[in-house]
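User: Please take a close look at one part of this model. I would like a single connected account, with each term explained once.

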Amino acid sequence: MGALLVTLDHPHVTVSDEDRARFEALVAGHLDGLYSSALRLTRNRTAAEDLVQDTFLKAWRSFRTFQAGTNARAWLYKILMNAYIDGYRRSSRLPEEVDQEDIGDFYLYAKAQESEEYRKAGDPEEILLSQVMDADVKDALEQVPEPFRAAVILADLEEFSYKEIAEILGIPVGTVMSRLYRGRRHLQRLLWDYARRAGYARDEIGLRSQVPP
Amino acid sequence: MSEVDCNVVLERLWVFLDGEADEALYRELEAHIEACLHCRNHVDFERRLRAVIQVKCKGEQAPLALRAALDRLLSGSQ
Ligand SMILES: [Zn+2]
C-alpha cells in the first residue's frame with residue numbers, strides 16, 4: 001500500500017521545500033480527524049487507512065490549486081468525501097429507506113420522558129445518558145445508512161456548518177439539513193436499542209447501584 | 001414580536017443547537033429556553049447527548065503507517 005506512493009509518477013516536478021512544509025503542516029494536523037471520519041464511513045480499519053492515504057495523495061496533487069487562506073479543513077474533507085463516494089461506498093444506489101419521519105426528531109428524549117421505569121429509578125435523562133455512555137455508540141453510528149451517516153459525521157463529530165457541509169458534499173444546504181435530520185433520527189432510534197441493551201448488561205453484572213438514585 | 005412557545009422551540013431545535021439560527025431567531029429562542037424549565041431540560045439533554053456521541057466516536061489515532069506514508073509521499077517528490 002505504502003509502496004504505491006513512492007513509485008507514483010508525481011506531477012510536482014518543481015515542488016519547493018516550502019510547499020512541502022506547508023502541506024505537511026496542513027495534513028499532519030488533521031490526520032487523526034480524517035482517520036476517525038474515514039473509519040466511521042468505511043467501518044473498516046484497512047479501508048479507512050486506504051481512504052486517508054488516497055485523500056492526502058489527491059490533496060498533494062491539487063495542492064497548487066489550493067488557495068492559502070481558504071478553509072483548509074473543509075478542502076481536505078471535500079477530497080476525502082469525494083474519494084469515499086467514488087471508490088469506497090459499496091453501492092451508489094441509495095438504500096430503500098424506511099422513513100422514520102413519524103418517530104419525531106427527538107426520539108431519545110421522548111423515550112426518557114415517557115419511561116415509567118426510568119422515572120421510578122430517579123432522573124430519567126440522567127439514567128438514559130449513562131446507558132448511552134455504556135453503549136457501543138460507534139457501532140450505532142456506523143449502522144446509520146448513507147447518505148445520512150456522512151451528514152451526521154460532518155455535523156456532529158467534525159462540527160462543520162451547514163454551508164461547509166453543502167460545499168464538502170456538493171449539495172444544497174436544504175439537502176444537508178434533510179439528510180442530517182434524517183440521519184439523527186436514525187441514530188437516536190438505534191441508540192435507544194443500544195442503550196437499553198447496555199442497561200440490561202449492566203444490571204446483569206450487578207452494577208445497578210451505580211445508577212444515580 | 002413573534003410568539004415563541006415550546007412548539008416553536010421544538011421545531012427549530014436542531015437549527016438552534018447547530019448554531020445556524022439567524023440572530024433574531026436565536027435571541028427569541030434563547031429567551032424562551034431560559035425562562036422555560038421544560039425546554040431548558042430538553043436542550044440540556046440534547047447537548048449532553050451530542051457530547052457523549054463525540055466522546056465515543058471521535059479521537060481515533062491515525063496509525064503510524066499512515067504518518068509514514070505521508071512522510072514518504074513528501075520525501076519522494078522532488
Ligand atoms: Zn418551552
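Analyst: What follows deals with chain A, from its helices to its core and then to some loops.

The model is predicted, so to speak of local features a pLDDT of at least 70 is needed and side-chain atom pairs count only at pLDDT 80 or more, while totals for chains, interfaces and linings use all residues. Residues are numbered from 1 along each chain as its sequence is written, chains are lettered from A and ligands numbered from 1 in the order in which they are written, and side-chain values use heavy atoms, with hydrogens and water left out.

Chain A has 12 helices and zero strands. Both terms refer to DSSP runs, numbered from the N terminus: H or I over at least four residues for a helix, E over at least two for a strand. Along the sequence the pattern is therefore α-α-α-α-α-α-α-α-α-α-α-α.

Of the 213 residues in chain A, 49% are buried. Buried means under 20% relative accessible area, exposed over 50%, and partly exposed in between, with a 1.4 Å probe and protein chains only. The exposed surface of chain A comes to about 10400 Å², and carbon and sulfur atoms supply 50% of it. Such areas come from the Shrake-Rupley method with a 1.4 Å probe; for residues, only the protein chains shown count as cover.

In soluble globular proteins, nonpolar side chains tend to be buried together. Here the largest nonpolar core has 95 residues, and A:Phe23, A:Val52, A:Phe56, A:Leu128 and A:Leu191 have the most contacts inside it. This core lies between domain 1 (2–90) and domain 2 (108–210) of chain A, because both give residues to it. A nonpolar core is a set of buried Ala, Val, Leu, Ile, Met, Phe, Trp, Tyr and Cys residues joined through side-chain atoms within 4.5 Å, and domain bounds come from an automatic or database assignment.

The loops are next. Most residues other than glycine have a negative phi, and most peptide bonds are trans. In the loop between helix H3 (31–42) and helix H4 (45–61) of chain A sits A:Arg43, with a positive phi near 60°. A:Arg43 is partly exposed, at 38% relative accessible area. A:Pro147 lies in the loop between helix H9 (137–143) and helix H10 (148–157), and the peptide bond from A:Glu146 to A:Pro147 is cis, with omega near 5°. The loop between H10 and helix H11 (162–169) holds A:Glu159, whose phi is positive at about 55°. A:Glu159 is exposed, at 55% relative accessibility.
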